[in-house]
Amino acid sequence: MTVLVAYASKHGATLEIADRIAATLTAAGQPAEARPTENATDLAGYDAFVIGAAAYYGHWLKPATEFIRAHKALLVDRPVWLFSSGPLGTETTDAQGHDVQEAALPKEFGELRDEIAVRGDRVFFGAVDPDGLTLPERTVRRMPAGRALLPEGDFRDWEDIDAWAETIARELTGPGLGTPELGRHLPT
């Protein structure tokens, strides 16, 4: 079974997550390759899909959503997992006690779950390199609260990413592949 890990990345952090997922799937016996959504047009050779994008202000990057809608007829019959990157920092709960990763779930995930048989989804923490930010993003970081909104650093949990990819690899070889799981793959 060959897996496509398709991604939309603005600054490269999601690309690196996609590459890691593809490498982990391959090491677990499920050949996989990571490709940007805009370069993933011929999907005939893929049996399963992991699709991810960075999320900003509660929304997935549009190329990922457009990719799913453009290939909906194929994806509805194949195993699909979704991931998002975006929350920044080391805190797992916000000031009100809400789970940061749950709060960062892109709004599009609900719609996409209804359109295709998503077997699971996950939100991963992201990374910020100030040197790679756009002018508007650098301007936000100069504001008094800006550094809190866009803290510098790599907050990705590679062990968590690897564990999720390993779970996908096991599901691809296990019984009941055609039945979408109930629930999501959120951290416990």
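The exercises below, each with a worked solution, concern a predicted model.

**Exercise 1.** Identify the residues that touch the most other members of the largest nonpolar core, and the strands and helices that supply this core.

Solution.
- Step 1. The core has 25 residues, and those touching the most other members are Leu4, Phe49, Ile51, Trp60, Phe67, Ile68 and Leu82.
- Step 2. At least two residues come from each of strands E1 (3-8), E3 (48-56), E5 (80-85) and E6 (118-124), and likewise from each of helices H2 (62-70) and H5 (108-115).
- Step 3. With 4 residues, E3 gives the most to this core.
- Step 4. Another core, of 20 residues, lies apart from this one; Ala32, Trp164, Ala165 and Ala169 are among its members.

**Exercise 2.** Determine whether Leu82 is buried or exposed, and list its contacts beyond four places in sequence.

Solution.
- Step 1. Leu82 belongs to strand E5.
- Step 2. Its relative accessible area is 0%, and the cut-off for buried is under 20%, so Leu82 is buried.
- Step 3. Beyond four places in sequence, Leu82 touches Ile51, Trp60, Ile68, Phe109, Leu112, Val118, Gly120, Asp121, Arg122 and Trp164.
- Step 4. For one of these partners, Ile51, the C-alpha atom is 4.9 Å from that of Leu82, although 31 residues separate the two along the chain.

**Exercise 3.** Classify Asp121 and Tyr57 by accessibility, and describe the setting of each.

Solution.
- Step 1. Asp121 is part of strand E6.
- Step 2. Asp121 counts as buried because its relative accessibility is 1%.
- Step 3. A polar contact of 2.9 Å joins the side chains of Asp121 and Arg113.
- Step 4. Tyr57 sits in the loop between E3 and strand E4 (59-60).
- Step 5. Tyr57 has a relative accessibility of 77%, and the cut-off for exposed is over 50%, so Tyr57 counts as exposed.
- Step 6. The backbone of Tyr57 has phi near 55 degrees, a positive value in a residue other than glycine.

**Exercise 4.** Describe the second largest pocket by its volume and by the residues that line it.

Solution.
- Step 1. The space in the second largest pocket is about 180 Å³.
- Step 2. Its lining consists of 11 residues, of which Thr92, Gln101, Phe125, Phe155 and Asp157 are the closest to the pocket centre.
- Step 3. Sorted by class, the lining of this pocket comprises 4 nonpolar, 4 polar and 3 charged residues.

**Exercise 5.** List the contacts of Phe49, leaving aside neighbours within four places in sequence.

Solution.
- Step 1. Phe49 is among the core residues that touch the most other members.
- Step 2. The contacts of Phe49 are Val3, Leu4, Leu43, Leu74, Leu75, Arg78, Pro79, Val80 and Trp81.

Methods:
Residues are numbered from 1 along each chain as its sequence is written. This is a predicted model: local features need pLDDT of at least 70, side-chain atom pairs count only at pLDDT 80 or more; totals for chains, interfaces and linings use all residues. Side-chain values use heavy atoms; hydrogens and water are left out. A nonpolar core is a set of buried Ala, Val, Leu, Ile, Met, Phe, Trp, Tyr and Cys residues joined through side-chain atoms within 4.5 Å. Buried means under 20% relative accessible area, exposed over 50%, partly exposed in between (1.4 Å probe, protein chains only). Contact means heavy atoms within 4.5 Å. On a 1 Å grid over the protein atoms alone, a cavity is a set of points where a 1.4 Å probe fits but cannot get out, and a pocket is an open set with protein on both sides within 12 Å along at least five of seven lines; lining residues have an atom within 4 Å of a point. Grid points are joined across faces, edges and corners, and a volume is the space filled by probe spheres set on the points. Ala, Val, Leu, Ile, Met, Phe, Trp, Tyr, Cys and Pro count as nonpolar, Asp, Glu, Lys and Arg as charged, and the others, Gly among them, as polar. A polar contact is a pair of N or O atoms within 3.5 Å; within protein, one must be able to donate a hydrogen and the other to accept it, and residues adjacent in sequence count only if both atoms are side-chain atoms.
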